[in-house]
Each structure stands twice: as C-alpha cells, then as structure tokens.
Amino acid sequence: MCNTRKYCFFFLIFYMICVLGVAQNDINSPYSSFGLGNLSPRTNIVSSSMGSVGYALQNPYYINFKNPAAFAAFDSLSFIADISFNIVNHQLRTEMQEQSGTFAQLGYLAIGLPILRVWRTSAGIMPYSDVGYGIIDERQHVDSFGAVTFQYRGSGGLQLLYWGNAFKISKGLTLGLNLSYLFGTINRINFAEYEMENTFNTMISDFRHLDGIYISGGVQYQTTAKEKHHIGMGVVYENAIKVWSRENLLVLNYAGRYSPNYNFDTIVVRVGDDAIRSTVKMPQVIGAGFSYGYKDRLLVAADFTWQNWKQFSMTRSKDSLRDNFITAVGVQYIPNPTSSKYHNKINFRAGTRFSSGYFIINDRPISELAVSVGLGFPIRTFNTRSSVNIMFEYSKLGTMQRNLILQNYFKLSFSFILQEKWYQRRKLE
C-alpha cells in the first residue's frame, strides 16, 4: 500500500475516533428542547451548497448521503473519502433581548469504494440531531407557592453511523440500501426554585441514551438525451422504527440555590440497572427528487421530503409535534470542466431550503428557511478528481411574534474530498 493510502487510513480512523468521542454539542438553541433537537439535513457540503438537494443526484466523484442508490455512480477503479468541518455563528433575538455566540464542530466522515462490477459500497458517520440550550424563566407565579424561577438545561444529540450498498439493476436504474445505527445521549435538567421560605426546591435530571438499527432504501433512474441533456429521478423511503431508550432519572429536593455541594433529599432514583427502559418511535420519511444537467456544466435539482413526526412518541415527552414538509432547490454551474484554465473548472453552487417545522409553540409551527452558496476547487496536486469545497449558509428558525425567539445561523463549512485510483495495475515497458 502506498504512503498516500496509509496516511489516508490513519486520518480517517483518527477522525472517526474524534467524532465518536464528542459527547456534548456547543449549540445554544431553545428550540432544540423539543422532540429530538435540531435536525441535521444529513447532506454533504456539495449538496448543502445547493440547498441540501440530493435524491436524484449521481456523481462518481463525491458521496451523496441522501439517496443510497447514488453510490452506484462510484468509479470502478477509485476510492473516495469525504471529511467536513463547520464554524457556526448563532444569534438569538426576542423583542427585548439579543444573544450571540460562535462555535466550531466536526461535521461528517464518509468513504466509498467499488466491490463488484454492479456493486458499490459506502460507510460513514454524521450528525442526526443536536441538543443544546439554557433557559431561565424568572419569578413566575404559581398558586400556593408564590414566585418561582424555572431553569431548563439541555445538551447532547444523536449520531448516525451508516453502511450503504448500491446495485446497478439495468441501464440507468440503480437500487440502494442503508443499514444505519442511530445512537447518542440527550441530557435534560430542570430546576424549580421557590421564593417562599421553608420550601424545598426541586431538580429533575433526565439523561436518556438512545440507540437502534434500521434499514432505509432508495431508487434512482438516470437517462441522457442527445448526449448533452441529463435527467435524473430519485425516491427514498425510511420506515417508522422503534429505537431503544435507557433513561436515568433523578429527582431531588434541596434548600437555597442549587449547588452540587448541598445535601439533597432524594425523591426518585432510577439509574444504572434500575434505569427506565422503553422505546422511542421514529418518524416515517418519504423523499423524492428531480435533476436536470446540461453538458456537465449546468445542474439543477429539486427535492421534496415528508416526515411523519405526528407518530413520534417518547416517554415524558409532551411536545406538540406535526408532520414536517421540506422543499429544496439548488443549482451548480461549471464554466468549462474540460478547459486547461483553472478558473474555468471551479464549481459555483447555490440553493435554498424551506422546512415547515415539526413542532408547534403557542399554536404556531416553528419553520426554517435556509439559503446557501458554495465553491468547489479542484486539487491539481492529484491526478484525480479530488477537491476542496467551501459553503456558506444562512438559516432562520422561528419568529419574534407571539413572544417567541428568532434564531439566525451563519454557517461556514469546509470539506476535503479525496478521490484516488486504487485498483489499476502498473504496466512495465
């Protein structure tokens, strides 16, 4: 094995260990306290730059997570690795207050390679949802107790580890299946501190570990007209499944302001072997997309997704959820991919995504609108199609109406795609 492969394998393994070792997210989003938190679009940087489209896209030089049938496009002699990193600035606004912060996070890791003439495979890890919030609701009046200050804290999130396989069924028709392992921890701590004298305060600590295995599938059909018009269609289906939940629940009473050094009066302890075991029902998902390409220069795509969050259920979760509809549209333009001039080979991308929202607060669905742009830079060092990709995305979640919170996100993402020829035999002259 050549040195490049050794370094690649070392870096991939190290990156995966880092991702698996991440136990807490740095996001600050009050809306992540609902359901499973803020959901990730689960797309690579190329697709994210185009509004997170991907159901109908196929490309031999990058890994399309949105439809496992797209893995069939991998070159028969190549290995692909894709790694990403994000820098996020968030702003929270109400009619009275404003708060902001910046953090960095690991993105996804994925590899793809050929197995047989009609069989391609891919494996990777990526975020499924993020939870991170700290909310103080001061001096609320409660009958018989007077003024009460409530605090809500949350952290954690879910990760998705997948193994995908795609098969060429006939000319233009491909079928893909993903075997996925969903895992992670969602931590929530709630406090109630009373102003009334001789009254004990209460802390409820709920640490929930989720994990489960499920199968999803996708189909794509690609055709070409007059050797310059490329049309693609794709469909994806994820069945409603149940994942296992182990919930460590601790309820304490304490005097004064909360401090770990205080003596507590324990009310409920369900930890370790006594943890509460149950199941969480995940939503059913159906997605469909369409793409049109012209001479490998222009690419336009649109996706439509339905998520059945009405059927979601989790013990002690009383959130008001509804079905979520997501629409995404994106475009990519390459001035001249066969040109000898470097600037003509740069990929220009743009897109938008709208999510109707899967939870309701004050009788109002919390929708999300995102706009993204990106660039793809070929790497001349390699004699293959490796590239560096940059994306900037602005997203708006929520509203300031009805005493709600408006969240503005500014995300700068980077990815490195390594595409290398691995299976060519050397010829001796």
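## Buried charges and the nonpolar core

Asp 303 counts as buried because its relative accessibility is 2%, which falls under the 20% cut-off for that class. The model in which this value was computed is a predicted one, and the same reading applies to Lys 66, which counts as buried at 15% relative accessibility.

The side chains of Asp 303 and Lys 66 meet in a salt bridge, with N and O 3.1 Å apart. This pair links distant parts of the chain, since Asp 303 belongs to strand β13 whereas Lys 66 sits in the loop between α2 and β2 (78-93), 237 residues apart.

Across the whole structure, a search finds 7 salt bridges, among them a pairing of the side chains of Arg 42 and Glu 238 at 3.5 Å, N to O. Here too distant parts of the chain are linked: Arg 42 is in the loop between β1 (38-39) and α2, and Glu 238 is in strand β8 (residues 229-238), with their positions 196 residues apart in the numbering. Both Arg 42 and Glu 238 are buried.

A further salt bridge joins Arg 208 to Glu 247, the closest N and O atoms being 3.5 Å apart. Because Arg 208 lies in strand β7 and Glu 247 in strand β9 (residues 242-254), this pair ties together parts that are 39 residues apart in sequence. Arg 208 is buried, with a relative accessible area of 4%, and Glu 247 is buried as well, with a relative accessible area of 0%. Asp 206 is linked with Arg 208 and Glu 247 in a network of salt bridges.

The three pairs described above are set out here.

| Salt bridge | N to O distance |
|---|---|
| Asp 303 and Lys 66 | 3.1 Å |
| Arg 42 and Glu 238 | 3.5 Å |
| Arg 208 and Glu 247 | 3.5 Å |

Turning to the nonpolar residues, the largest nonpolar core has 47 residues, and those with the most contacts inside it are Leu 36, Ile 63, Tyr 128, Leu 182 and Met 282. Elements that each supply at least two residues of this core include α2 (45-49), the strands β3 (98-116), β4 (119-142) and β5 (146-170), and also β13 (298-307) and β19 (387-398). Strand β13 therefore appears in both parts of this account, as it supplies core residues and holds Asp 303 of the salt bridge with Lys 66.

Ile 63 touches, among residues more than four places away in sequence, Phe 71, Phe 74, Ile 80, Ala 110, Ile 111 and Tyr 162, and its contacts also include Asn 44, Asp 82, Gly 112 and Ser 122.

Key. Residues are numbered from 1 along each chain as its sequence is written. This is a predicted model: local features need pLDDT of at least 70, side-chain atom pairs count only at pLDDT 80 or more; totals for chains, interfaces and linings use all residues. Side-chain values use heavy atoms; hydrogens and water are left out. A nonpolar core is a set of buried Ala, Val, Leu, Ile, Met, Phe, Trp, Tyr and Cys residues joined through side-chain atoms within 4.5 Å. Buried means under 20% relative accessible area, exposed over 50%, partly exposed in between (1.4 Å probe, protein chains only). Helices (H or I, at least four residues) and strands (E, at least two) are DSSP runs, numbered from the N terminus. Contact means heavy atoms within 4.5 Å. A salt bridge is a side-chain nitrogen of Lys or Arg within 4 Å of a carboxyl oxygen of Asp or Glu.
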